[in-house]
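Work through the exercises below with the structure open beside you. Try each task before reading its solution.

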Amino acid sequence: MKKLAILLAVIAVVPLMAWGFYQAIYAAPTEATMGDVQRIFYYHVPHGILAYLFYSINFVGSLLVLLWRRSNPERAIVADAWALSGAEVGVVFSTVVLTTGPIWARPVWGIWWTWDPRLTTSLVLWLIYVSYLLVRRFSSGSQMYTLAAVLAVFGALDMPINYLANRLWRTQHPSPVIAGGPDSGMAPPIAAALGWNVLAWAVWGLLILAFRVYVERRQQTIDRAAANAALAAD
Amino acid sequence: MAQPSWPSLVLAHLRKDLRIEWRSRDAINSMLFFALLVVVLFSMAFDPTRATSREIAGGVLCVATLFASVSALNQAWAREIRHQVLDALRMTPSDGAALFIAKVLANFLFVTVVQAVLGPIFFIFYNLHPLGETWLLALVIPLGTWALVANGTFFAALSIRSRNRELLLPLILFPIFLPALLAMVLSVKTILTGDGTDPHLFWIKLLAGYDIIFTTVSLLLFDTVLEAE
């Protein structure tokens, strides 16, 4: 049953990503001023949107850990597996955003990086979640779940700042094309290519997330068995 | 026995911390010397000529304070771990928030003393003649210090429970503190250079907002950190 589900997911993801690639590279019209380099937009923006999704999964998971840690430790551990996986996948997506951005900026702005609010807060977001993963390395036992969850709440505070950065301030980063006021919006073929890529990368990311949760649950079972064996040996 | 009022609990914790510091002077002395070293190091590394010194001075002051306070913040909780003082504190009728606020106030006082001593030295080393509205510094520096100390105290309590105690605090604190550092550095720079780039005091307002939000969240979550088993 599980193998079948994995097989079906992979079968769904591969054509979807191929279709997204076709849309971004061939179907979407070439941008008038920037040329082909603008096509990186179809990777940069979806990863940015989806990084929020995975960080939100981390946030909800962490809140549930804080809620259940006393009353229902079993469920708290499950929530923690989701929180950890959300942060890890989120960091990967953030890394893609932070990599594709400079690749685009170099030919268009003439510089790789500038310290404008949008770029800075994106980097801060990445740093916070890397430190979240470090906390999990450096502490152990059941208190680690609580401490990591607390830190995740602080990480989530930075998300709205990052989202609003190029809406509140006049930034060098392009202003938003989605939900950015009366001047925002896209031509239909561009919107279609963007939409397909958001969908494809979302399915891909959620698949990886599901794998990661599954692996983490296994790890938790192994850890608990090891702890019980150590107790029994005494 | 009647439950003591919240302010009196805060005051009791605060009095204890201040008395310990008054007798040992560990935190203030080590912070002061460390911050002085950072200022000297930066002035060697960057050769602060008159023109550029105003631009970088704000950043150097903030970073010097930041590095110096990390060492003291770790000590503030490490002291409580020895002889299980922290466990004893958890058994008192006082809630975690009172303990937290008292620690923040104590550390805020220590860092402020360090800055008061360091400030004049700083102006001499960097040949500063502020061109903007200097009185705003009296607003920016406390706000920035509060952001540093409130977050620092919170995350020191969090990291003291991990395996690599001293190492972890800067790794968590610096990313969280970055927005406040940016706001602090930019407002100090505007004040010193008088360039008028921030007529609506936007960065100072941002700093105040940051203080309110992060202090509130810290207060709400401190009991959780204190009780983490």
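**Exercise 1. Describe how helices α4 and α5 of chain A pack, and name the residues that touch.**

Solution.
- Step 1: Locate the helices. α4(A) covers residues 117-138 and α5(A) covers residues 142-168. Helices here are DSSP runs (H or I, at least four residues; strands are E, at least two), numbered from the N terminus.
- Step 2: Read the geometry. The two axes lie 9 Å apart, at an angle of about 170 degrees. Axes are lines fitted to C-alpha atoms, for helices over the stretch in contact, and angles run from 0 to 180 degrees between N-to-C directions.
- Step 3: Classify. α4(A) and α5(A) are therefore roughly antiparallel. The cut-offs: under 35 degrees is roughly parallel, over 145 roughly antiparallel, 65 to 115 roughly perpendicular, and the rest oblique.
- Step 4: List contacts. Two residues are in contact if their C-beta atoms, placed from the backbone, lie within 7 Å. On α4(A), the contact residues include A:Leu125, A:Ile128 and A:Tyr132. On α5(A), they include A:Leu151, A:Gly155 and A:Met159.
- Step 5: Sort by class. The contact has 15 nonpolar, five polar and three charged residues. Nonpolar means Ala, Val, Leu, Ile, Met, Phe, Trp, Tyr, Cys and Pro; charged means Asp, Glu, Lys and Arg; the others, Gly among them, are polar.

This is a predicted model: local features need pLDDT of at least 70, side-chain atom pairs count only at pLDDT 80 or more, and totals for chains, interfaces and linings use all residues. Residues are numbered from 1 along each chain as its sequence is written, while chains are lettered from A and ligands numbered from 1 in the order in which they are written.

**Exercise 2. Analyse the packing of α2 and α3 in chain A.**

Solution.
- Step 1: α2(A) spans residues 41-68, and α3(A) spans residues 73-109.
- Step 2: Their axes come within 7 Å and cross at roughly 160 degrees. That makes α2(A) roughly antiparallel to α3(A).
- Step 3: The crossing is left-handed. In that case the near helix is turned anticlockwise from the far one by less than a right angle; clockwise is right-handed.
- Step 4: The contact counts 19 nonpolar, eleven polar and two charged residues.

**Exercise 3. Summarise chain A as a whole.**

Solution.
- Step 1: Count elements. Chain A has six helices and zero strands.
- Step 2: Take the dimensions. Its C-alpha atoms fill a box of roughly 75 × 40 × 30 Å along the principal axes.
- Step 3: Check burial. Of the 234 residues, 34% are buried. Buried means 20 or more other C-beta atoms within 10 Å of a residue's own, exposed means 12 or fewer, and partly exposed is in between; C-beta atoms are placed from the backbone.
- Step 4: Check contact range. Among contacts with a separation of 6 or more, 76% join residues 24 or more positions apart.

**Exercise 4. Place A:Trp113: where is it, and what does it touch?**

Solution.
- Step 1: A:Trp113 sits in the loop between α3 and α4 of chain A.
- Step 2: It counts as partly exposed because it has 14 C-beta neighbours inside 10 Å.
- Step 3: Leaving out residues up to four places away in sequence, A:Trp113 touches A:Pro102 and A:Leu119.
- Step 4: A:Gly101 is twelve residues away in sequence and 8.4 Å away in space, C-alpha to C-alpha.

**Exercise 5. Describe the side of chain B that touches chain A.**

Solution.
- Step 1: The contact uses 20 residues from chain B and 21 from chain A.
- Step 2: α7 (165-193) and α8 (202-227) of chain B each supply at least two residues of chain B's side. α7(B) gives the most, with eight residues.
- Step 3: By class, chain B's side has 14 nonpolar, three polar and three charged residues.

**Exercise 6. Find the residues in chain B with unusual backbone angles.**

Solution.
- Step 1: Recall the background. Most residues other than glycine have a negative phi.
- Step 2: B:His83 has phi near 55 degrees, a positive value. B:Gln84 also has phi near 55 degrees.
- Step 3: B:His83 lies in the loop between α3 (50-81) and α4 (85-91) of chain B. B:Gln84 is in the loop between α3 and α4 of chain B.
- Step 4: B:His83 is exposed, with 9 other C-beta atoms within 10 Å. B:Gln84 is exposed, with 10 C-beta neighbours inside 10 Å.
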